[in-house]
Amino acid sequence: MIQAAGRSNARKYANPNPVHQWLLRRFLERVASEVRWALEAMASPTLLDVGCGEGYVLRRLRKDWPTLGSQGMDGDREALALARTA
């Protein structure tokens with residue numbers, strides 16, 4: 001988990017509430033499912049995550065597809081720095 005307790009996006013992902021965590025897992029699984037559907041036909045899939053924040057979604061996708069070419073963009077330089085460390 002990214003150590004960014006003061007950041008609202010990081011707090012969302014670090015919330016220990018089991019219902020909250022279940023909803024986040026469901027959201028990330030749905031995103032992964034949609035990405036899988038979109039990338040199935042591509043020989044060499046590459047993904048650009050615009051507004052990636054601290055990189056939670058990209059990290060989840062890389063877990064499923066270690067060979068996925070991916071890049072994150074965000075207007076928040078601090079969030080990007082945190083995404084790079086994970």
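Angles under 35 degrees between helix axes count as roughly parallel, those over 145 as roughly antiparallel, those from 65 to 115 as roughly perpendicular, and the rest as oblique. In this predicted model, the axes of helix H2 (residues 18-39) and helix H3 (residues 56-64) cross at roughly 60 degrees and come within 10 Å. H2 and H3 are therefore oblique to each other. On the H2 side, the contact is made by Phe 27, Leu 28, Glu 29, Val 31, Ala 32, Val 35 and Arg 36, and on the H3 side by Val 57, Arg 60, Leu 61 and Asp 64. The crossing of the two helices is right-handed.

Arg 60 offers a good place to look at this contact. This residue lies in helix H3 and, because its relative accessibility is 18%, counts as buried. Apart from its neighbours within four places in sequence, Arg 60 is in contact with Leu 28, Glu 29 and Ala 32.

Helix H3 also belongs to a second arrangement, a right-handed β-α-β unit made with strands S1 and S2. The two strands, S1 (residues 46-50) and S2 (residues 69-73), pair in the parallel sense over five bridges. Within this pairing, Leu 48 has Gln 71 of S2 as its bridge partner.

A simple pattern helps in reading strand S1. In a regular strand, side chains alternate between the two faces of the sheet. Along S1, Leu 47 and Asp 49 point to one face and are buried. Thr 46, Leu 48 and Val 50 point to the other face and are not buried.

Notes:
Residues are numbered from 1 along each chain as its sequence is written. This is a predicted model: local features need pLDDT of at least 70, side-chain atom pairs count only at pLDDT 80 or more; totals for chains, interfaces and linings use all residues. Side-chain values use heavy atoms; hydrogens and water are left out. Buried means under 20% relative accessible area, exposed over 50%, partly exposed in between (1.4 Å probe, protein chains only). Helices (H or I, at least four residues) and strands (E, at least two) are DSSP runs, numbered from the N terminus. Two strands pair if DSSP finds at least two bridges between them. A crossover is right-handed if, with the strands pointing away from the viewer, the path from the first strand over the helix to the second runs clockwise. Axes are lines fitted to C-alpha atoms, for helices over the stretch in contact, and angles run from 0 to 180 degrees between N-to-C directions. A crossing is left-handed if the near helix is turned anticlockwise from the far one by less than a right angle, and right-handed if clockwise. Contact means heavy atoms within 4.5 Å.
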